[in-house]
Amino acid sequence: MSSSTETMEKIVALCRRRGFIFGSSEIYGGIGGFWDYGPLGCELKKNIKDCWWNDMVRNPPPGPNGTEYQMVGVDCSIIMNPKVWEASGHVGGFQDPMVACKAEGCRKLFRADQAWLVGFYSRDDFNRLQDHDRELVDRIAPLLKKSDKELSELADDEGLSDDFLLQLNESIFEVKTGMSARLPTITIGVEAGNQVEAMNTAASRLTRHQRDKQLHTLNIRKAYSLAEAPKDWPRRCPVCNATGTLTEPREFNLMFETNIGALQDSTSKAYLRPETAQGIFANFKNVMDSTRVKIPFGIAQIGKAFRNEINPRNYTFRSREFEQMEIEFFCWPDTSMMWYEFWRDVRIKWYESLGIHSDKLRPREQGDDELAHYSDACTDIEYLFPFSEETQELEGVAHRGDFDLSAHGKASKGKENAFAVVNDETKERLVPHVIEPSAGVDRFTLAAITEAYSFDENRASPEFMKFHPRLAPIKAAVFPLVAKDGMPDIAEPIYNEIRKHLPCQYDAKQSIGKRYARMDEAGTPFCFTIDGQSKEDGTVTVRNRDDASQDRIDKSRCLEYLRDKLGL
Ligand SMILES: [Zn+2]
(Lines give C-alpha, C1' and ligand atoms only; values in the text may rest on other atoms or scores of the structure.)
Protein backbone atom coordinates (compact mmCIF):
# COMPACT_ATOMS: atom_id res chain seq x y z
CA MET A 1 0.00 0.00 0.00
CA SER A 2 1.41 3.40 -0.89
CA SER A 3 1.90 5.94 1.88
CA SER A 4 -0.67 8.25 0.33
CA THR A 5 -3.27 5.46 0.29
CA GLU A 6 -2.51 4.86 3.96
CA THR A 7 -2.85 8.56 4.67
CA MET A 8 -6.20 8.61 2.89
CA GLU A 9 -7.42 5.68 4.95
CA LYS A 10 -6.38 7.40 8.17
CA ILE A 11 -8.16 10.59 7.10
CA VAL A 12 -11.35 8.70 6.23
CA ALA A 13 -11.22 6.90 9.58
CA LEU A 14 -10.69 10.15 11.49
CA CYS A 15 -13.52 11.86 9.59
CA ARG A 16 -15.89 9.06 10.55
CA ARG A 17 -14.67 8.69 14.15
CA ARG A 18 -14.86 12.41 14.90
CA GLY A 19 -18.03 13.20 12.98
CA PHE A 20 -16.76 15.11 9.98
CA ILE A 21 -18.23 12.82 7.31
CA PHE A 22 -20.52 9.76 7.37
CA GLY A 23 -21.87 7.62 4.55
CA SER A 24 -25.46 8.59 3.77
CA SER A 25 -28.14 6.29 5.28
CA GLU A 26 -25.52 3.99 6.75
CA ILE A 27 -28.02 2.17 8.97
CA TYR A 28 -29.52 0.75 5.76
CA GLY A 29 -26.18 -0.14 4.22
CA GLY A 30 -25.53 3.28 2.71
CA ILE A 31 -26.18 4.55 -0.82
CA GLY A 32 -23.43 4.98 -3.40
CA GLY A 33 -22.29 8.51 -4.15
CA PHE A 34 -24.07 10.25 -1.27
CA TRP A 35 -22.53 11.56 1.96
CA ASP A 36 -23.59 13.21 5.19
CA TYR A 37 -21.64 15.80 7.15
CA GLY A 38 -21.59 15.30 10.91
CA PRO A 39 -21.35 17.94 13.66
CA LEU A 40 -17.74 18.93 12.90
CA GLY A 41 -18.04 18.49 9.13
CA CYS A 42 -21.09 20.71 8.79
CA GLU A 43 -19.38 23.51 10.76
CA LEU A 44 -16.32 23.21 8.52
CA LYS A 45 -18.42 23.25 5.37
CA LYS A 46 -20.47 26.19 6.61
CA ASN A 47 -17.27 28.11 7.39
CA ILE A 48 -16.07 27.48 3.83
CA LYS A 49 -19.31 28.77 2.34
CA ASP A 50 -19.35 31.77 4.69
CA CYS A 51 -15.75 32.65 3.78
CA TRP A 52 -16.57 32.43 0.08
CA TRP A 53 -19.73 34.53 0.38
CA ASN A 54 -17.99 37.12 2.51
CA ASP A 55 -14.79 37.30 0.42
CA MET A 56 -16.42 37.15 -3.05
CA VAL A 57 -19.87 38.72 -2.67
CA ARG A 58 -20.08 41.01 0.39
CA ASN A 59 -16.50 42.21 0.41
CA PRO A 60 -14.89 41.29 -2.91
CA PRO A 61 -11.28 42.26 -3.66
CA PRO A 62 -10.57 45.50 -5.59
CA GLY A 63 -10.90 45.19 -9.36
CA PRO A 64 -7.95 45.24 -11.78
CA ASN A 65 -6.37 48.73 -11.88
CA GLY A 66 -8.98 49.89 -9.38
CA THR A 67 -11.87 49.15 -11.78
CA GLU A 68 -15.23 49.29 -10.00
CA TYR A 69 -17.52 46.28 -10.07
CA GLN A 70 -20.41 44.90 -8.07
CA MET A 71 -21.29 41.46 -6.76
CA VAL A 72 -24.78 40.28 -5.84
CA GLY A 73 -26.24 36.91 -4.90
CA VAL A 74 -29.20 34.74 -5.92
CA ASP A 75 -30.69 31.56 -4.50
CA CYS A 76 -32.52 29.73 -7.29
CA SER A 77 -34.78 26.70 -7.28
CA ILE A 78 -33.21 23.29 -7.82
CA ILE A 79 -35.92 22.24 -10.26
CA MET A 80 -36.27 24.60 -13.23
CA ASN A 81 -38.25 24.60 -16.47
CA PRO A 82 -36.80 21.68 -18.49
CA LYS A 83 -36.26 24.07 -21.43
CA VAL A 84 -33.35 25.52 -19.46
CA TRP A 85 -31.49 22.25 -19.85
CA GLU A 86 -32.28 21.99 -23.55
CA ALA A 87 -30.84 25.46 -24.15
CA SER A 88 -27.77 24.76 -22.03
CA GLY A 89 -27.05 21.56 -23.90
CA HIS A 90 -27.54 19.28 -20.90
CA VAL A 91 -30.44 17.46 -22.49
CA GLY A 92 -30.81 16.31 -26.05
CA GLY A 93 -32.93 13.94 -28.11
CA PHE A 94 -33.73 11.13 -25.74
CA GLN A 95 -34.85 8.71 -28.39
CA ASP A 96 -31.31 8.64 -29.79
CA PRO A 97 -28.35 6.93 -28.23
CA MET A 98 -26.30 9.44 -26.31
CA VAL A 99 -22.64 9.67 -25.49
CA ALA A 100 -21.58 11.42 -22.29
CA CYS A 101 -18.27 13.08 -21.56
CA LYS A 102 -16.99 12.21 -18.09
CA ALA A 103 -14.31 14.94 -18.03
CA GLU A 104 -14.40 17.41 -15.14
CA GLY A 105 -15.96 20.67 -16.17
CA CYS A 106 -17.41 19.21 -19.37
CA ARG A 107 -19.98 16.53 -18.56
CA LYS A 108 -21.79 17.19 -21.81
CA LEU A 109 -24.10 14.79 -23.56
CA PHE A 110 -24.19 14.34 -27.34
CA ARG A 111 -26.28 12.40 -29.78
CA ALA A 112 -23.98 9.61 -30.91
CA ASP A 113 -24.86 10.19 -34.58
CA GLN A 114 -24.05 13.89 -34.35
CA ALA A 115 -20.70 13.53 -32.64
CA TRP A 116 -17.90 12.90 -35.10
CA LEU A 117 -14.31 11.86 -35.03
CA VAL A 118 -12.29 13.42 -37.81
CA GLY A 119 -8.82 12.00 -38.47
CA PHE A 120 -6.11 13.98 -40.24
CA TYR A 121 -3.07 12.29 -41.79
CA SER A 122 0.42 13.72 -42.16
CA ARG A 123 2.62 13.14 -45.19
CA ASP A 124 4.63 10.47 -43.34
CA ASP A 125 1.58 8.61 -42.21
CA PHE A 126 0.14 8.85 -45.66
CA ASN A 127 3.35 7.49 -47.20
CA ARG A 128 3.08 4.50 -44.96
CA LEU A 129 -0.09 3.51 -46.70
CA GLN A 130 0.77 0.54 -48.87
CA ASP A 131 -0.31 1.07 -52.43
CA HIS A 132 -2.84 -1.66 -52.98
CA ASP A 133 -4.30 0.69 -55.43
CA ARG A 134 -1.24 2.29 -56.93
CA GLU A 135 -3.19 4.03 -59.60
CA LEU A 136 -5.33 5.83 -57.09
CA VAL A 137 -2.32 6.83 -55.04
CA ASP A 138 -0.54 8.02 -58.16
CA ARG A 139 -3.49 10.19 -58.99
CA ILE A 140 -3.59 11.87 -55.65
CA ALA A 141 0.13 11.91 -54.82
CA PRO A 142 1.03 14.97 -56.95
CA LEU A 143 -1.80 16.87 -55.33
CA LEU A 144 -0.51 16.08 -51.86
CA LYS A 145 2.84 17.74 -52.52
CA LYS A 146 1.11 21.03 -53.12
CA SER A 147 0.37 23.70 -50.55
CA ASP A 148 -3.19 24.63 -49.63
CA LYS A 149 -2.90 27.72 -51.79
CA GLU A 150 -1.62 25.79 -54.79
CA LEU A 151 -4.29 23.20 -54.26
CA SER A 152 -7.06 25.72 -54.21
CA GLU A 153 -5.65 27.39 -57.36
CA LEU A 154 -5.47 23.99 -59.00
CA ALA A 155 -8.95 23.19 -57.83
CA ASP A 156 -10.14 26.43 -59.43
CA ASP A 157 -8.16 25.84 -62.64
CA GLU A 158 -9.14 22.25 -63.13
CA GLY A 159 -12.53 22.36 -61.52
CA LEU A 160 -11.54 20.00 -58.70
CA SER A 161 -14.28 20.36 -56.19
CA ASP A 162 -14.06 19.64 -52.49
CA ASP A 163 -16.34 16.73 -53.21
CA PHE A 164 -13.78 15.34 -55.65
CA LEU A 165 -10.99 15.51 -53.05
CA LEU A 166 -13.31 13.98 -50.50
CA GLN A 167 -14.09 11.15 -52.88
CA LEU A 168 -10.39 10.55 -53.47
CA ASN A 169 -9.85 10.31 -49.74
CA GLU A 170 -12.76 7.95 -49.41
CA SER A 171 -11.49 5.73 -52.21
CA ILE A 172 -8.05 5.48 -50.72
CA PHE A 173 -9.43 4.49 -47.36
CA GLU A 174 -11.80 1.98 -48.84
CA VAL A 175 -8.88 0.00 -50.26
CA LYS A 176 -6.66 0.51 -47.23
CA THR A 177 -9.14 -0.93 -44.75
CA GLY A 178 -7.39 -2.74 -41.95
CA MET A 179 -4.01 -1.08 -42.42
CA SER A 180 -2.06 0.25 -39.48
CA ALA A 181 -1.65 3.65 -41.04
CA ARG A 182 -5.38 4.17 -40.67
CA LEU A 183 -4.70 5.56 -37.21
CA PRO A 184 -4.74 9.29 -37.87
CA THR A 185 -1.90 11.67 -37.09
CA ILE A 186 -4.40 13.97 -35.39
CA THR A 187 -7.94 13.19 -34.34
CA ILE A 188 -10.46 15.92 -33.57
CA GLY A 189 -13.91 15.50 -32.12
CA VAL A 190 -16.73 17.72 -33.40
CA GLU A 191 -20.48 17.96 -33.27
CA ALA A 192 -21.97 18.20 -36.75
CA GLY A 193 -25.06 17.29 -38.73
CA ASN A 194 -23.22 15.46 -41.49
CA GLN A 195 -19.84 14.21 -42.63
CA VAL A 196 -18.80 17.16 -44.76
CA GLU A 197 -19.74 19.63 -42.03
CA ALA A 198 -17.79 17.52 -39.56
CA MET A 199 -14.67 17.61 -41.75
CA ASN A 200 -14.87 21.33 -42.35
CA THR A 201 -15.50 22.13 -38.69
CA ALA A 202 -12.63 19.90 -37.63
CA ALA A 203 -10.28 21.54 -40.15
CA SER A 204 -11.17 24.96 -38.74
CA ARG A 205 -10.22 23.75 -35.25
CA LEU A 206 -6.70 22.68 -36.23
CA THR A 207 -4.14 24.89 -34.55
CA ARG A 208 -1.45 26.52 -36.64
CA HIS A 209 1.09 24.16 -35.06
CA GLN A 210 -0.94 21.12 -35.99
CA ARG A 211 -1.48 22.36 -39.52
CA ASP A 212 2.05 23.50 -40.29
CA LYS A 213 4.25 21.26 -38.16
CA GLN A 214 2.34 18.02 -37.76
CA LEU A 215 0.38 17.74 -40.98
CA HIS A 216 2.43 20.02 -43.25
CA THR A 217 0.12 20.87 -46.08
CA LEU A 218 -1.40 17.44 -46.31
CA ASN A 219 -5.12 17.37 -46.18
CA ILE A 220 -6.28 13.76 -46.10
CA ARG A 221 -9.11 13.37 -43.66
CA LYS A 222 -11.65 10.80 -42.70
CA ALA A 223 -14.72 11.29 -40.53
CA TYR A 224 -16.79 8.76 -38.64
CA SER A 225 -19.72 9.26 -36.36
CA LEU A 226 -18.91 8.06 -32.85
CA ALA A 227 -21.25 5.13 -33.32
CA GLU A 228 -19.21 3.91 -36.32
CA ALA A 229 -15.68 5.05 -35.53
CA PRO A 230 -12.91 2.43 -35.64
CA LYS A 231 -12.23 1.01 -32.20
CA ASP A 232 -8.55 2.02 -32.15
CA TRP A 233 -9.15 5.72 -32.88
CA PRO A 234 -8.81 8.05 -29.89
CA ARG A 235 -12.36 8.93 -28.91
CA ARG A 236 -12.24 12.67 -28.45
CA CYS A 237 -14.98 14.71 -26.83
CA PRO A 238 -16.55 17.16 -29.34
CA VAL A 239 -16.66 19.90 -26.69
CA CYS A 240 -13.65 19.57 -24.39
CA ASN A 241 -11.50 17.49 -26.77
CA ALA A 242 -10.40 15.13 -23.97
CA THR A 243 -9.70 11.51 -24.88
CA GLY A 244 -10.93 8.47 -23.04
CA THR A 245 -13.71 10.39 -21.32
CA LEU A 246 -16.63 9.41 -23.56
CA THR A 247 -19.07 6.69 -22.59
CA GLU A 248 -20.35 4.10 -25.06
CA PRO A 249 -23.46 5.29 -26.92
CA ARG A 250 -26.66 4.56 -25.03
CA GLU A 251 -29.87 6.11 -23.81
CA PHE A 252 -28.57 8.07 -20.92
CA ASN A 253 -28.71 11.29 -19.03
CA LEU A 254 -26.46 12.57 -16.26
CA MET A 255 -29.36 14.49 -14.76
CA PHE A 256 -31.67 13.02 -12.14
CA GLU A 257 -35.23 12.97 -13.42
CA THR A 258 -38.37 13.58 -11.48
CA ASN A 259 -42.01 14.30 -12.24
CA ILE A 260 -44.00 17.39 -11.39
CA GLY A 261 -47.56 16.92 -10.21
CA ALA A 262 -49.70 13.79 -10.00
CA LEU A 263 -49.51 12.68 -13.61
CA GLN A 264 -46.35 11.07 -14.84
CA ASP A 265 -45.84 11.47 -18.56
CA SER A 266 -43.47 13.23 -20.90
CA THR A 267 -44.99 16.63 -20.08
CA SER A 268 -44.45 16.23 -16.33
CA LYS A 269 -40.77 15.37 -16.57
CA ALA A 270 -38.30 17.65 -14.83
CA TYR A 271 -34.73 17.48 -13.63
CA LEU A 272 -32.73 18.16 -10.51
CA ARG A 273 -30.25 20.83 -11.61
CA PRO A 274 -26.79 19.49 -12.55
CA GLU A 275 -25.18 22.90 -11.88
CA THR A 276 -26.17 26.17 -10.22
CA ALA A 277 -24.92 28.31 -13.12
CA GLN A 278 -28.06 28.10 -15.26
CA GLY A 279 -30.24 29.64 -12.54
CA ILE A 280 -27.94 32.65 -12.68
CA PHE A 281 -28.17 32.98 -16.48
CA ALA A 282 -31.95 32.56 -16.36
CA ASN A 283 -32.11 35.46 -13.89
CA PHE A 284 -29.60 37.74 -15.61
CA LYS A 285 -32.28 40.14 -16.84
CA ASN A 286 -34.25 40.02 -13.57
CA VAL A 287 -31.16 41.05 -11.65
CA MET A 288 -30.29 43.84 -14.10
CA ASP A 289 -33.86 45.16 -14.01
CA SER A 290 -34.36 44.95 -10.25
CA THR A 291 -31.04 46.32 -8.99
CA ARG A 292 -28.71 49.11 -10.00
CA VAL A 293 -25.90 46.83 -11.09
CA LYS A 294 -24.08 47.85 -14.24
CA ILE A 295 -21.65 45.84 -16.30
CA PRO A 296 -19.13 44.74 -15.10
CA PHE A 297 -20.84 42.83 -12.30
CA GLY A 298 -21.11 39.33 -10.96
CA ILE A 299 -23.94 37.13 -9.70
CA ALA A 300 -23.06 34.47 -7.16
CA GLN A 301 -24.90 31.41 -5.96
CA ILE A 302 -24.22 28.63 -3.47
CA GLY A 303 -26.40 25.56 -3.73
CA LYS A 304 -26.90 21.87 -4.21
CA ALA A 305 -26.54 20.23 -7.61
CA PHE A 306 -27.01 16.64 -8.69
CA ARG A 307 -25.38 14.43 -11.27
CA ASN A 308 -26.16 10.79 -11.76
CA GLU A 309 -22.49 9.81 -11.92
CA ILE A 310 -21.84 6.47 -13.52
CA ASN A 311 -18.92 5.89 -11.22
CA PRO A 312 -18.90 7.90 -7.98
CA ARG A 313 -15.56 7.49 -6.25
CA ASN A 314 -12.67 8.97 -4.31
CA TYR A 315 -14.57 9.49 -1.07
CA THR A 316 -16.65 12.66 -1.30
CA PHE A 317 -14.74 13.95 -4.34
CA ARG A 318 -17.08 12.57 -6.99
CA SER A 319 -20.55 12.45 -5.45
CA ARG A 320 -24.01 12.31 -6.97
CA GLU A 321 -25.25 15.13 -4.75
CA PHE A 322 -22.90 18.02 -4.14
CA GLU A 323 -22.78 21.72 -3.43
CA GLN A 324 -21.39 24.41 -5.70
CA MET A 325 -20.18 27.99 -5.22
CA GLU A 326 -20.48 29.65 -8.61
CA ILE A 327 -19.97 33.16 -9.93
CA GLU A 328 -21.05 34.31 -13.36
CA PHE A 329 -19.21 37.57 -13.96
CA PHE A 330 -20.63 39.70 -16.79
CA CYS A 331 -18.28 42.06 -18.61
CA TRP A 332 -17.81 43.79 -21.96
CA PRO A 333 -16.07 41.65 -24.60
CA ASP A 334 -13.07 43.98 -24.95
CA THR A 335 -12.15 43.69 -21.27
CA SER A 336 -13.07 40.05 -20.82
CA MET A 337 -9.50 38.70 -20.85
CA MET A 338 -8.55 41.21 -18.16
CA TRP A 339 -11.43 39.97 -15.98
CA TYR A 340 -10.59 36.36 -16.72
CA GLU A 341 -7.05 36.88 -15.47
CA PHE A 342 -8.36 38.84 -12.48
CA TRP A 343 -10.72 36.09 -11.34
CA ARG A 344 -8.20 33.35 -12.01
CA ASP A 345 -5.70 35.09 -9.72
CA VAL A 346 -8.30 36.03 -7.09
CA ARG A 347 -9.50 32.45 -6.84
CA ILE A 348 -6.01 30.94 -6.54
CA LYS A 349 -5.11 33.45 -3.80
CA TRP A 350 -8.35 32.66 -1.99
CA TYR A 351 -7.38 29.03 -1.50
CA GLU A 352 -3.94 30.07 -0.34
CA SER A 353 -5.45 32.56 2.11
CA LEU A 354 -7.41 29.71 3.70
CA GLY A 355 -4.42 27.56 4.43
CA ILE A 356 -3.79 25.65 1.20
CA HIS A 357 -0.11 26.58 1.29
CA SER A 358 1.41 23.36 0.03
CA ASP A 359 2.66 22.78 -3.48
CA LYS A 360 -0.30 20.42 -3.79
CA LEU A 361 -2.36 23.38 -5.08
CA ARG A 362 -1.61 23.46 -8.80
CA PRO A 363 -3.45 25.84 -11.10
CA ARG A 364 -3.35 24.56 -14.66
CA GLU A 365 -4.15 26.68 -17.69
CA GLN A 366 -5.90 24.56 -20.29
CA GLY A 367 -4.15 24.23 -23.63
CA ASP A 368 -5.85 25.26 -26.88
CA ASP A 369 -6.61 21.64 -27.66
CA GLU A 370 -8.49 21.15 -24.36
CA LEU A 371 -10.72 24.21 -24.48
CA ALA A 372 -14.42 23.96 -25.11
CA HIS A 373 -15.18 25.38 -28.56
CA TYR A 374 -16.86 28.51 -27.17
CA SER A 375 -14.21 29.13 -24.54
CA ASP A 376 -11.32 31.57 -24.97
CA ALA A 377 -9.44 30.45 -21.88
CA CYS A 378 -9.84 28.23 -18.85
CA THR A 379 -7.80 27.49 -15.75
CA ASP A 380 -8.41 24.42 -13.64
CA ILE A 381 -7.39 25.04 -10.04
CA GLU A 382 -6.24 21.55 -9.13
CA TYR A 383 -5.18 19.88 -5.91
CA LEU A 384 -3.14 16.75 -5.32
CA PHE A 385 -5.32 14.60 -3.06
CA PRO A 386 -3.83 11.55 -1.32
CA PHE A 387 -6.21 9.27 -3.23
CA SER A 388 -4.63 9.90 -6.61
CA GLU A 389 -1.27 10.39 -8.28
CA GLU A 390 -2.84 13.05 -10.46
CA THR A 391 -4.12 16.45 -9.45
CA GLN A 392 -7.90 16.84 -9.34
CA GLU A 393 -10.04 19.86 -10.09
CA LEU A 394 -11.24 21.99 -7.16
CA GLU A 395 -12.48 24.81 -9.33
CA GLY A 396 -12.63 25.82 -12.97
CA VAL A 397 -12.25 29.47 -13.96
CA ALA A 398 -13.60 29.66 -17.49
CA HIS A 399 -13.93 32.42 -20.05
CA ARG A 400 -17.25 31.41 -21.62
CA GLY A 401 -17.63 34.27 -24.10
CA ASP A 402 -21.29 35.06 -24.85
CA PHE A 403 -22.18 31.38 -25.24
CA ASP A 404 -24.65 31.05 -22.37
CA LEU A 405 -26.57 34.32 -22.67
CA SER A 406 -26.81 33.87 -26.45
CA ALA A 407 -28.04 30.30 -26.10
CA HIS A 408 -30.75 31.35 -23.62
CA GLY A 409 -31.61 34.40 -25.72
CA LYS A 410 -32.16 32.21 -28.75
CA ALA A 411 -34.04 29.46 -26.90
CA SER A 412 -36.29 31.68 -24.78
CA LYS A 413 -36.82 34.80 -26.95
CA GLY A 414 -35.89 33.57 -30.41
CA LYS A 415 -32.94 35.96 -30.70
CA GLU A 416 -29.33 35.33 -29.80
CA ASN A 417 -28.96 38.97 -28.77
CA ALA A 418 -32.14 39.10 -26.67
CA PHE A 419 -30.03 39.68 -23.54
CA ALA A 420 -27.76 42.29 -25.10
CA VAL A 421 -27.04 45.37 -23.00
CA VAL A 422 -26.32 48.93 -24.15
CA ASN A 423 -22.88 50.19 -23.25
CA ASP A 424 -23.44 53.74 -21.90
CA GLU A 425 -20.08 54.94 -23.21
CA THR A 426 -19.99 53.50 -26.71
CA LYS A 427 -23.79 53.20 -27.17
CA GLU A 428 -23.13 49.74 -28.59
CA ARG A 429 -25.62 46.98 -27.81
CA LEU A 430 -23.70 43.82 -26.95
CA VAL A 431 -24.26 40.44 -25.35
CA PRO A 432 -21.93 40.53 -22.33
CA HIS A 433 -19.12 38.03 -22.00
CA VAL A 434 -19.01 35.74 -19.00
CA ILE A 435 -16.18 34.70 -16.71
CA GLU A 436 -17.21 31.72 -14.58
CA PRO A 437 -15.31 30.75 -11.43
CA SER A 438 -17.07 27.52 -10.47
CA ALA A 439 -15.99 25.87 -7.22
CA GLY A 440 -17.06 22.69 -5.46
CA VAL A 441 -17.87 23.12 -1.76
CA ASP A 442 -17.41 19.43 -0.98
CA ARG A 443 -14.17 19.30 -2.92
CA PHE A 444 -12.66 22.20 -1.06
CA THR A 445 -13.94 20.75 2.22
CA LEU A 446 -12.08 17.54 1.39
CA ALA A 447 -8.98 19.47 0.33
CA ALA A 448 -9.09 21.49 3.58
CA ILE A 449 -9.32 18.22 5.53
CA THR A 450 -6.44 16.51 3.71
CA GLU A 451 -4.30 19.66 3.86
CA ALA A 452 -4.98 20.04 7.60
CA TYR A 453 -4.30 16.41 8.42
CA SER A 454 -1.00 16.22 10.35
CA PHE A 455 0.79 13.32 11.96
CA ASP A 456 3.56 13.64 14.55
CA GLU A 457 4.46 10.47 16.40
CA ASN A 458 6.28 12.50 19.08
CA ARG A 459 3.02 13.99 20.28
CA ALA A 460 0.84 12.34 22.89
CA SER A 461 -1.94 12.40 20.28
CA PRO A 462 -0.13 11.98 16.96
CA GLU A 463 -3.03 12.95 14.69
CA PHE A 464 -4.11 16.58 14.57
CA MET A 465 -5.92 18.84 12.13
CA LYS A 466 -4.13 22.08 11.31
CA PHE A 467 -7.15 23.99 9.99
CA HIS A 468 -6.82 27.64 9.13
CA PRO A 469 -8.46 29.60 12.00
CA ARG A 470 -11.31 30.79 9.74
CA LEU A 471 -12.13 27.19 8.80
CA ALA A 472 -11.67 25.48 12.17
CA PRO A 473 -15.08 24.10 13.24
CA ILE A 474 -14.36 24.96 16.90
CA LYS A 475 -12.14 27.97 17.64
CA ALA A 476 -11.44 27.24 21.32
CA ALA A 477 -12.13 24.89 24.21
CA VAL A 478 -12.30 25.62 27.93
CA PHE A 479 -11.28 22.92 30.41
CA PRO A 480 -11.32 22.95 34.19
CA LEU A 481 -8.41 20.65 35.05
CA VAL A 482 -10.75 18.80 37.42
CA ALA A 483 -14.50 19.19 37.79
CA LYS A 484 -14.18 20.30 41.43
CA ASP A 485 -12.14 22.55 43.77
CA GLY A 486 -13.84 25.67 42.39
CA MET A 487 -12.27 25.25 38.95
CA PRO A 488 -15.62 25.02 37.05
CA ASP A 489 -16.63 28.27 38.75
CA ILE A 490 -13.75 30.02 36.99
CA ALA A 491 -14.06 28.07 33.71
CA GLU A 492 -17.77 28.47 33.05
CA PRO A 493 -17.83 32.31 32.84
CA ILE A 494 -14.86 32.19 30.42
CA TYR A 495 -16.68 29.66 28.26
CA ASN A 496 -19.91 31.67 28.35
CA GLU A 497 -18.11 34.83 27.28
CA ILE A 498 -16.22 33.21 24.37
CA ARG A 499 -19.17 31.32 22.93
CA LYS A 500 -21.16 34.50 22.48
CA HIS A 501 -18.60 35.45 19.83
CA LEU A 502 -16.84 32.31 18.59
CA PRO A 503 -17.67 28.57 18.40
CA CYS A 504 -16.31 27.17 21.67
CA GLN A 505 -16.64 23.93 23.65
CA TYR A 506 -16.58 23.17 27.34
CA ASP A 507 -15.31 19.82 28.57
CA ALA A 508 -14.74 18.79 32.19
CA LYS A 509 -14.48 15.02 31.76
CA GLN A 510 -11.55 12.61 31.19
CA SER A 511 -7.84 13.27 31.58
CA ILE A 512 -6.52 16.57 30.29
CA GLY A 513 -4.38 14.67 27.75
CA LYS A 514 -7.43 12.98 26.25
CA ARG A 515 -9.28 16.28 26.11
CA TYR A 516 -6.37 17.91 24.25
CA ALA A 517 -6.27 14.93 21.86
CA ARG A 518 -9.97 15.29 21.06
CA MET A 519 -9.51 18.99 20.34
CA ASP A 520 -6.41 18.28 18.21
CA GLU A 521 -8.44 15.89 16.08
CA ALA A 522 -11.20 18.47 15.70
CA GLY A 523 -8.58 21.06 14.71
CA THR A 524 -9.36 23.46 17.58
CA PRO A 525 -6.57 26.07 17.56
CA PHE A 526 -6.53 26.93 21.30
CA CYS A 527 -7.50 25.30 24.60
CA PHE A 528 -7.81 27.23 27.88
CA THR A 529 -7.19 25.20 31.02
CA ILE A 530 -8.13 26.34 34.51
CA ASP A 531 -5.86 24.72 37.12
CA GLY A 532 -4.79 25.12 40.74
CA GLN A 533 -2.78 28.24 40.00
CA SER A 534 -5.83 29.92 38.44
CA LYS A 535 -7.43 30.19 41.86
CA GLU A 536 -4.32 31.82 43.32
CA ASP A 537 -3.32 34.37 40.66
CA GLY A 538 -6.26 34.47 38.21
CA THR A 539 -4.24 33.15 35.25
CA VAL A 540 -5.12 30.27 32.90
CA THR A 541 -3.05 28.06 30.59
CA VAL A 542 -3.45 28.46 26.81
CA ARG A 543 -2.34 25.50 24.73
CA ASN A 544 -1.54 26.00 21.05
CA ARG A 545 -2.73 23.16 18.79
CA ASP A 546 0.08 23.35 16.24
CA ASP A 547 3.14 23.03 18.50
CA ALA A 548 1.48 22.02 21.80
CA SER A 549 3.25 24.98 23.44
CA GLN A 550 1.66 26.63 26.47
CA ASP A 551 1.25 30.25 27.61
CA ARG A 552 -0.18 31.67 30.81
CA ILE A 553 -2.50 34.63 30.52
CA ASP A 554 -4.89 36.46 32.80
CA LYS A 555 -8.35 34.84 32.79
CA SER A 556 -9.93 38.13 31.73
CA ARG A 557 -7.94 38.14 28.48
CA CYS A 558 -9.11 34.83 26.92
CA LEU A 559 -11.41 36.28 24.25
CA GLU A 560 -9.00 39.10 23.42
CA TYR A 561 -6.13 36.57 23.15
CA LEU A 562 -8.19 34.39 20.78
CA ARG A 563 -9.18 37.28 18.56
CA ASP A 564 -5.62 38.48 18.39
CA LYS A 565 -4.13 35.06 17.58
CA LEU A 566 -6.85 33.96 15.17
CA GLY A 567 -7.19 37.27 13.40
CA LEU A 568 -10.97 36.95 13.65
ZN1 LIG B 1 -15.82 16.67 -22.82
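Both faces of strand β6 are covered in this predicted model. On one side, Ala115, Leu117, Gly119 and Tyr121 are buried, and on the other side Trp116, Val118 and Phe120 are buried as well. In a regular strand the side chains alternate between the two faces of the sheet. Strand β6 spans residues 115–121, and seven of its seven residues are buried.

The setting of this strand may be described through its partners. Strand β7, comprising residues 186–191, runs antiparallel to β6 and is joined to β6 by six bridges. Within this pairing, Val118 stands opposite Ile188 of β7. Strand β8, comprising residues 220–225, is likewise antiparallel to β6, and six bridges join these two strands. Here Leu117 stands opposite Tyr224 of β8.

Val118 deserves particular attention. Leaving aside residues up to four places away in sequence, Val118 touches Ile188, Val190, Ala198, Met199, Ala202, Arg221 and Ala223. Ile188 is thus both a contact of Val118 and the residue that Val118 faces in β7. Val118 is also among the residues with the most contacts inside the largest nonpolar core, together with Ala476, Val478 and Phe528. That core has 120 residues. In soluble globular proteins, nonpolar side chains tend to be buried together.

Phe528 leads to another part of the chain, strand β23, which covers residues 526–530. Five of the five residues of β23 are buried. Phe526, Phe528 and Ile530 point one way from this strand, while Cys527 and Thr529 point the other way, and all are buried.

Strand β23 also has partners to consider. With strand β21, residues 476–480, β23 pairs in the parallel sense over five bridges. Phe479 stands opposite Thr529 of β23 in this arrangement. With strand β24, residues 539–544, β23 pairs in the antiparallel sense over four bridges. In that pairing Phe528 stands opposite Val542 of β24.

These strands may now be placed within the whole chain. The protein chain contains 18 helices and 25 strands. Of its 568 residues, 36% count as buried. Among contacts in the chain with a separation of 6 or more, residues 24 or more positions apart account for 68%. The contact between Val118 and Ile188 offers an example of two residues brought together from separate strands, β6 and β7.

Terms used: Residues numbered from 1 in each chain as written. Predicted model: local features only at pLDDT ≥ 70, side-chain atom pairs only at ≥ 80, totals over all residues. Buried ≥ 20, exposed ≤ 12 C-beta atoms within 10 Å, placed from the backbone. Pairing = 2+ DSSP bridges. Core = buried A, V, L, I, M, F, W, Y, C linked by C-beta atoms within 7 Å. Contact = placed C-beta atoms within 7 Å.
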